[in-house]
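Trainee: I would like to go through this model with you, beginning with how its helices pack and ending with its pocket. Could we take it one question at a time?

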Amino acid sequence: LPPLALLVPGVVERIVDVTGARPSFTYDYVVSVARGDIADSPFIQIDSGTWRMYLWYRAWPWVEQSPLTGWGLASFRTYSLQFFGDLSTGQGSEAHNSFLQMLFEGGALLLAGFIWTYLGTALQHLANARFGRGEAIFAILLVLSYGFALSTDNVLYYLSANLQFFFLLSGLA
């Protein structure tokens with residue numbers, strides 16, 4: 001089935017973004033162009049991956065300032081206006097990385113609790129399940145793909161994705 005995903009235009013766009021050539025300009029240059037500081041500057045379009053890397057780069061010093069407890073739940077969007085306001089919408093931006101967002105909002109305590117809950121649940125299902133090698137490989141790939149999705153998007157806000165993940169994982173047990 002994975003090759004069939006290449007028929008979806010959104011998937012192909014994301015793959016082209018990730019595998020395409022990276023821009024040669026810096027974050028400061030992009031901000032200067034966005035502000036209009038550079039006269040006769042051309043229109044710059046950055047791909048979503050580069051935009052996210054800039055966002056993560058700008059958020060990391062804030063994570064380092066409060067690494068254990070973070071800045072408060074649901075605070076990333078509000079604070080992003082301060083550290084990423086030049087390239088953000090007027091309402092702020094989510095982290096597009098669930099792990100970074102948890103570190104920012106709840107620090108290492110929240111991230112450790114989250115990882116403990118999800119991995120613990122997955123490992124408990126795997127330990128209690130009686131299935132063959134194919135199902136075990138599927139369960140492991142399911143957990144890994146969910147972790148990858150968490151690192152590239154705001155999956156925690158997608159209730160349907162979380163319900164599907166646990167439904168599939170529970171159905172294997």
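Mentor: Please do, and keep in mind throughout that this is a predicted model. A starting point is the pair α4 and α5, whose axes lie 11 Å apart and pack at an angle of about 95°.

Trainee: How are α4 and α5 oriented to each other, roughly parallel or roughly perpendicular?

Mentor: The angle between α4 and α5 is about 95°, and angles of 65 to 115 degrees are the ones that count as roughly perpendicular. The description of this pair is therefore roughly perpendicular.

Trainee: Which residues of α5 are met by α4, and what is the class make-up of that contact?

Mentor: By class, the contact of α4 with α5 has four nonpolar, one polar and one charged residues. On the α4 side the residues are F76, Y79 and F83, and those they meet in α5 are Q101, F104 and E105.

Trainee: How is α3 oriented to α4?

Mentor: Helix α3 and helix α4, the latter made of residues 76-83, have axes that come within 10 Å and cross at roughly 100°. That angle makes the orientation of α3 to α4 roughly perpendicular.

Trainee: Which residues of α4 does α3 meet?

Mentor: The contact of α3 with α4 divides into six nonpolar residues, one polar and one charged. From α3 the participants are L55, R58, A59 and W62, and their partners in α4 are F76, Y79, Q82 and F83.

Trainee: How is α3 oriented to α5, roughly parallel or roughly perpendicular, and what is the hand of their crossing?

Mentor: Helix α3, residues 48-65, packs against helix α5, residues 98-128, at an angle of about 30° with the axes 9 Å apart. Because angles under 35 degrees count as roughly parallel, α3 is roughly parallel to α5. The hand of the crossing of α3 and α5 is left-handed.

Trainee: How many residues in the contact of α3 with α5 are nonpolar?

Mentor: From α3 come W56, A59, W60, W62 and V63, which meet L100, L103 and F104 in α5. This contact has no polar and no charged residues, and its nonpolar count is eight.

Trainee: How many helices does the secondary structure of the protein chain come to?

Mentor: Read along the sequence, the pattern is α-α-α-α-α-α-α. With zero strands in the protein chain, its secondary structure comes to seven helices.

Trainee: Turning to the largest pocket, which element gives the most to its lining?

Mentor: The largest pocket holds about 530 Å³ of space, and the elements giving two or more residues to its lining are α6 (133-152) and α7 (159-172). With five residues, the element that gives the most is α6.

Trainee: Which residues lie nearest the centre of the largest pocket, and how many of its lining residues are nonpolar?

Mentor: The lining is made of 13 residues, and those nearest the centre are L142, S145, Y146, F148 and A149. By class, the lining has two polar and no charged residues, and the nonpolar count is 11.

Conventions
Residues are numbered from 1 along each chain as its sequence is written. This is a predicted model: local features need pLDDT of at least 70, side-chain atom pairs count only at pLDDT 80 or more; totals for chains, interfaces and linings use all residues. Side-chain values use heavy atoms; hydrogens and water are left out. On a 1 Å grid over the protein atoms alone, a cavity is a set of points where a 1.4 Å probe fits but cannot get out, and a pocket is an open set with protein on both sides within 12 Å along at least five of seven lines; lining residues have an atom within 4 Å of a point. Grid points are joined across faces, edges and corners, and a volume is the space filled by probe spheres set on the points. Helices (H or I, at least four residues) and strands (E, at least two) are DSSP runs, numbered from the N terminus. Ala, Val, Leu, Ile, Met, Phe, Trp, Tyr, Cys and Pro count as nonpolar, Asp, Glu, Lys and Arg as charged, and the others, Gly among them, as polar. Axes are lines fitted to C-alpha atoms, for helices over the stretch in contact, and angles run from 0 to 180 degrees between N-to-C directions. Angles under 35 degrees count as roughly parallel, over 145 as roughly antiparallel, 65 to 115 as roughly perpendicular and the rest as oblique. A crossing is left-handed if the near helix is turned anticlockwise from the far one by less than a right angle, and right-handed if clockwise. Contact means heavy atoms within 4.5 Å.
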